[in-house]
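User: I'd like to go through this one slowly. Could you show me the structure and then let me quiz you on the wording?
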There are 2 protein chains.
Amino acid sequence: MDLYGPWLAQLRKGVVELLVLALLRSRGPLHGYGIVQELEELGDLIAGVSTVYPVLKRLEADGLVDASWGAGDEAGRRKNYSITGAGKKFLDEGTRQFDDLHAALGRIGGNR
Amino acid sequence: MDLYGPWLAQLRKGVVELLVLALLRSRGPLHGYGIVQELEELGDLIAGVSTVYPVLKRLEADGLVDASWGAGDEAGRRKNYSITGAGKKFLDEGTRQFDDLHAALGRIGGNR
DNA sequence: TTGGAATAGTACGCAATGCGTAATAGCACA
DNA sequence: TGTGCTATTACGCATTGCGTACTATTCCAA
């Protein structure tokens, strides 16, 4: 029984957004495919293309990242993303919430 | 604009399951309403009744918790839940995955 | 020249779940 | 009788991760 696979997908909901924003802040501007590759190196298949691209699209729609098609030899091929001020703010607040959840779980298991 | 509310709901996906299992392991057997109250004390409205009860139902269906109607004066009113061996195993593995995600985010933001 | 990787992005649709809202029912207390 | 607390259940929506597949460009080797 693979009771575990579907649950993992649920656990990642919301977190991928933070991971992408964090990558854009620390690794500078990146294009979609580059983000996917960075995530691959981070661990066991955190998010593939079919997860990352929709995330980027939504982040852009929400004004958390800026997107622009590459120029010169990249024209029509690479779309570059960079984090905005609102994106940084969201990342900070989101990280804090994520930390809180993580701490809450640790606190429960602490006394046993 | 409340861009933040809906996202928080997504972030909690999967985590509530771990929180409930952790509560059952450290605070012993509990009934649904008691779990909701414990979660309320843990922080800012982590999960209400309409979240916890479906979670318990699913955990029971998956064999991660045992459920039995209370006896005596609790008959027909309280349903008591306790964690199973499979539940403990799932909690351990799930916590590990959660820690990994948390660590991954920290690792990205670390070098900036 | 041709063909197959690798690079880069897009589109479609399913399944799972948090959560708002509300209904039901027993009990206590005034 | 009626108000409020305890306790569980039911319905339905919105969001999102992800499998699968398709298109297009670049580059290297046969």
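**Strand D and a pair of helices**

Analyst: Start with DNA strand D: of its atoms within 4 Å of the protein, 71% belong to sugar or phosphate, and the rest to bases. Keep in mind that this is a predicted model.

User: Which residues come nearest to DNA strand D?

Analyst: Arg12(A), Lys13(A), Ser50(A), Tyr53(B) and Arg78(B), out of the 22 residues around the strand. By class, the surface near strand D has seven nonpolar, seven polar and eight charged residues.

User: What makes the pair formed by Arg77(B) and DNA strand D a polar contact?

Analyst: A backbone N or O atom of Arg77(B) is 3.1 Å from a sugar or linking oxygen of the strand. The cut-off for two N or O atoms is 3.5 Å, so this pair counts. Gln10(B) passes too, because a side-chain N or O atom there is 3.3 Å from a sugar or linking oxygen of strand D.

User: Why are α2(A) and α3(A) called roughly perpendicular?

Analyst: Their axes cross at roughly 105°. The label covers 65 to 115 degrees, so α2(A) and α3(A) get it.

User: And which residues make the contact between α2(A) and α3(A)?

Analyst: On α2(A), Leu19(A), Val20(A), Leu23(A) and Leu24(A); on α3(A), Ile35(A), Glu38(A) and Leu39(A). Sorted by class, that's six nonpolar, no polar and one charged. Glu38(A) is the charged one, because Glu belongs to the charged class.

Notes:
Residues numbered from 1 in each chain as written. Chains lettered and ligands numbered in written order. Predicted model: local features only at pLDDT ≥ 70, side-chain atom pairs only at ≥ 80, totals over all residues. Heavy atoms only, no water. Axes fitted to C-alpha atoms, helices over the stretch in contact; angles between N-to-C directions. Helix = DSSP H or I, 4+ residues; strand = E, 2+ residues; numbered from the N terminus. Parallel < 35°, antiparallel > 145°, perpendicular 65-115°, else oblique. Contact = heavy atoms within 4.5 Å. Near = heavy atom within 4 Å. Polar contact = N/O pair within 3.5 Å; in protein donor to acceptor, adjacent residues only side chain to side chain.
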